[in-house]
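Me: I have a chain here and would like to go through its fold step by step. Can you take my questions one at a time?

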Amino acid sequence: MTLPHARVSADGADRTFQVDLRGLVDLLSHHLYSSPRVYLRELLQNAVDALTARHGLEPGAPADAFGIRVYADGSVVRVEDDGVGLTEADVHTFLATIGRSSKRADQVAEQRADFIGQFGIGLLSCFLVADEIHVVSRSARTPDAPAVEWRGRGDGSYSVRTLPTTARPRPGTTVTLTPRADSAEWTRPVHVLSLARHFGSLLRHPVTFDDGTGGPGAAVNPEPAPWARAYPTPGARSRALAAYGEEILGFTPLDTIDLDLPAVGLKGIACVLPEAVPAGRRHGHRVHVKGMLLSERAEEILPEWAFFVRCVLDAESLRPTASRESLYEDDTLAAVRDALAERLRAWIARTAASDPDLLGRFLQTHHLAVKSLAVHDDEILRMLLPWLPFETTDGHATLDEFARAHRTVLVTASVEEFRQVAAIAAAAGLGVVNGGYTYDRELVHRLPEIRPEVAVADLDPGTLTAHLDPVDRETELAAAAYLALARDALAVFDCDVALRTFQPASAPALLLDSREARHERTRSQLAREQQGGVWGDILGHLRQEAPRAQLILNQLNPLVRTAVTIDEPELARTSAEALYGQAAMLSRRPLRPAESSLINRSFLDLLAHALRKDS
Ligand SMILES: Nc1ncnc2c1ncn2[C@@H]1O[C@H](COP(=O)(O)OP(=O)(O)OP(=O)(O)O)[C@@H](O)[C@H]1O
């Protein structure tokens with residue numbers, strides 16, 4: 001709150017900046033803090049830091065010797081602590097100087113990590129709910145110093161006076177706010193209690209609340225954190241942690257993972273989400289520092305692949321940013337992130353080894369997360385690849401089940417390819433995995449690293465066509481006229497037509513086409529349209545020999561057997577177009593406008609034909 005004095009140098013006026021406190025508070029409230037409610041967090045945090053400093057002075061004092069008392073009766077909010085307190089000089093230096101903090105003064109540099117605050121601006125958040133901050137304090141470091149009273153006002157002015165020792169017989173600090181009318185939402189007794197519980201439920205010092213009605217007062221943090229309590233059995237412990245996770249995070253975890261990193265004094269739990277979440281969606285984790293709730297949305301504490309858990313944790317030595325709502329990205333945070341990732345991996349390994357039922361439920365829900373992890377993590381790959389579910393020609397199956405039925409596992413390059421060939425490949429006894437989804441093809445190809453007896457190969461058109469048997473010469477000849485008509489009708493799609501026999505007999509036609517071939521055809525078509533222009537030349541130069549698409553008609557199918565005998569040319573054409581349209585739709589790839597209109601036209605033509613026949 002101090003506006004520094006102007007200094008005059010020998011060669012002219014050398015002035016120092018003036019600070020408009022109102023502007024500064026406005027800046028903090030709109031850009032730093034998420035809500036005015038943070039004033040209580042800042043007051044609690046200052047009280048906690050003061051208690052930490054007091055314990056530093058009196059290391060022999062029992063943990064609960066010093067505490068924090070919160071009071072709110074509707075007209076004032078007060079936070080009182082038995083902390084280290086302040087002398088008059090401290091008040092001028094720290095309370096009244098914005099940006100100055102006792103917690104990063106040189107002499108306590110080595111202890112800086114002991115405190116939550118460090119920026120020297122937290123107290124300003126009180127101006128979000130009150131116009132004046134009233135502090136009465138007595139120093140524990142200088143016990144014979146008198147008590148001191150400080151009043152800081154939102155307009156930037158402040159006053160200090162010393163008080164008789166009797167005004168505050170014991171060391172500590174009391175901060176009192178008289179809330180503005182517009183901040184009742186954050187300062188009513190019931191709200192103050194719930195805010196105190198929200199921010200302070202895991203604080204390690206006793207915190208009580210009093211609403212001034214003469215009642216017994218309420219404990220803000222009656223019990224230690226659930227992971228710090230003693231339980232009769234490991235089962236009771238894990239049930240209690242799961243119940244806590246559910247209460248705090250609002251879902252019943254699939255499992256609860258105990259987290260403990262002694263090096264940074266971190267303890268907590270990771271709750272495995274019971275439902276799948278879109279890959280890459282990062283969750284907010286609840287992070288406490290020295291018991292104080294810092295953030296409910298800290299994402300940076302876990303790596304991206306860990307989107308299947310949400311954590312509640314409390315750490316000693318993570319550094320909050322000035323807003324307190326996220327963590328400072330430093331080496332400690334990076335090391336914590338790595339160590340927590342390791343704990344999650346270890347949980348997966350343990351579950352894989354000892355609880356197949358839980359593993360099954362976990363993979364059913366989170367296989368995408370695990371796949372993204374397995375791609376980069378050999379250990380997870382080794383442990384889990386056989387148990388991961390894939391879409392196959394035998395339905396959804398784990399790779400292990402699938403590889404037991406098929407010594408050679410074929411894998412498609414796209415979902416579309418899989419849709420085209422699945423039924424035919426299955427009927428031919430080929431085992432094909434849909435490799436079109438993210439990670440799937442890459443992962444299936446790594447199966448032989450774990451199951452060396454299994455061979456994995458990409459499904460190429462040759463493998464499949466080997467299972468499409470040629471028809472006899474007579475049948476071929478009988479169908480020749482129809483095939484010629486069909487080729488002509490489908491020439492616009494650069495599609496050849498052939499007659500084969502293949503299983504299942506219920507499939508009338510198979511469209512063999514690949515994405516590359518389709519791209520090549522689009523490119524050549526563009527080149528033709530742009531002929532003569534620079535763009536056309538470039539496209540022309542890029543020309544590659546792409547295989548044409550092939551519509552394979554199935555001679556075993558009754559519809560096809562009838563179609564090839566149609567002697568009405570228009571109807572024969574329409575039937576060929578309809579067979580092409582049906583096979584293209586079966587692949588579920590996006591249809592080109594020309595294909596959509598072909599399907600539409602052939603459907604209407606066939607309908608008209610059927611109606612004509614009936615009338
Ligand atoms: N309850 C308290 N007991 C003793 N000293 C206090 C108390 N509250 C504030 N102070 C003193 O006032 C200084 C400024 O407090 P303020 O909350 O503005 O910043 P900070 O806690 O140091 O850092 P941050 O901005 O990160 O919170 C503190 O460094 C501390 O010296």
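**Loops, helices and the ligand shell**

Reply: Start with a loop: Asp494 sits between helix H15 (473–490) and E22. Bear in mind that this is a predicted model.

Me: What is the phi of Asp494 near?
Reply: Asp494 is a residue other than glycine. Even so, its phi is positive. The value is near 55°.

Me: Is Asp494 buried or partly exposed?
Reply: Burial takes 20 or more other C-beta atoms within 10 Å. Asp494 has 18. Asp494 is therefore partly exposed.

Me: Where does Tyr439 lie, and what is its phi?
Reply: Tyr439 is in the loop between strand E19 (432–433) and helix H12 (440–445). With 18 C-beta neighbours inside 10 Å, Tyr439 counts as partly exposed. Tyr439 is not a glycine, yet its phi is positive, at about 75°.

Me: Which peptide bond is cis, with omega near 0°?
Reply: Look in the loop between strand E22 (495–501) and strand E23 (509–512), where Pro504 lies. The cis bond leads into Pro504. It runs from Gln503 to Pro504.

Me: How many helices and strands are in the chain?
Reply: The chain has 615 residues, and buried ones make up 36% of them. Among contacts between residues at least 6 apart in sequence, 67% join residues at least 24 apart. The count of elements is 20 helices and 24 strands.

Me: What should helix H6 span at 1.5 Å a residue?
Reply: H6 covers residues 234–249, which makes 16 residues. Its end C-alpha atoms are 22 Å apart. That agrees with the expected span, 22 Å.

Me: Which residues of H6 are buried, and what arc do they cover?
Reply: The buried residues are Leu241, Gly245 and Leu249. They are on the same side of H6, because they cover an arc of only 40° around the axis. An α-helix has 3.6 residues a turn, so residues three or four places apart point the same way. For H6, the names are Leu241, Gly245 and Leu249, and the arc is 40°.

Me: Which residues are exposed on the other side of H6?
Reply: The buried residues of H6 are covered by elements that include strand E11 (256–261), strand E12 (266–272) and strand E15 (309–315). On the other side of H6, the exposed residues are Gly235, Ala236 and Glu247.

Me: Which residue just after H6 takes a positive phi?
Reply: The phi is about 85°. The residue is Gly250.

Me: Which element gives the largest share of the shell around the ligand?
Reply: The shell has 22 residues, and the closest are Asn46, Ser101, Ser102, Gly117 and Gly122. Helix H2 (38–57) and helix H3 (88–95) are the elements that give two or more residues. The largest share is 4 residues, and it comes from H2.

Me: How many residues of the ligand shell are nonpolar, polar and charged?
Reply: Sort the residues of the shell by type. They divide into 9 nonpolar, 10 polar and 3 charged.

Me: How many of the residues of H2 are buried?
Reply: H2 reaches 29 Å from its first C-alpha to its last, close to the 28 Å expected. The rest of the structure largely encloses H2. That follows because the buried count is 17 of the 20 residues.

Me: Which element gives the most to the largest nonpolar core?
Reply: This core has 141 residues, and Leu44, Cys126, Ala196 and Leu551 touch the most other members. Beyond four places in sequence, the contacts of Ala196 are Leu40, Leu44, Val70, Val207, Phe209 and Val220. The top contributor to the core gives 10 residues, and it is H2.

Me: How far apart in space are Leu95 and Ile121?
Reply: Leu95 is found in helix H3. It is buried, with 26 other C-beta atoms within 10 Å. Leu95 and Ile121 are 26 residues apart in sequence, and their C-alpha distance is 9.3 Å.

Me: How far apart in space are Ala425 and Gly291?
Reply: Ala425 belongs to helix H11 (residues 415–427). With 23 other C-beta atoms within 10 Å, Ala425 is buried. Ala425 and Gly291 are 134 residues apart in sequence, and C-alpha to C-alpha they are 60 Å apart.

Key: Residues numbered from 1 in each chain as written. Predicted model: local features only at pLDDT ≥ 70, side-chain atom pairs only at ≥ 80, totals over all residues. Expected span 1.5 Å × (residues − 1). Buried ≥ 20, exposed ≤ 12 C-beta atoms within 10 Å, placed from the backbone. Arc of directions from axis to C-beta. Contact = placed C-beta atoms within 7 Å. Near = placed C-beta within 6 Å. Nonpolar A, V, L, I, M, F, W, Y, C, P; charged D, E, K, R; others polar. Core = buried A, V, L, I, M, F, W, Y, C linked by C-beta atoms within 7 Å.
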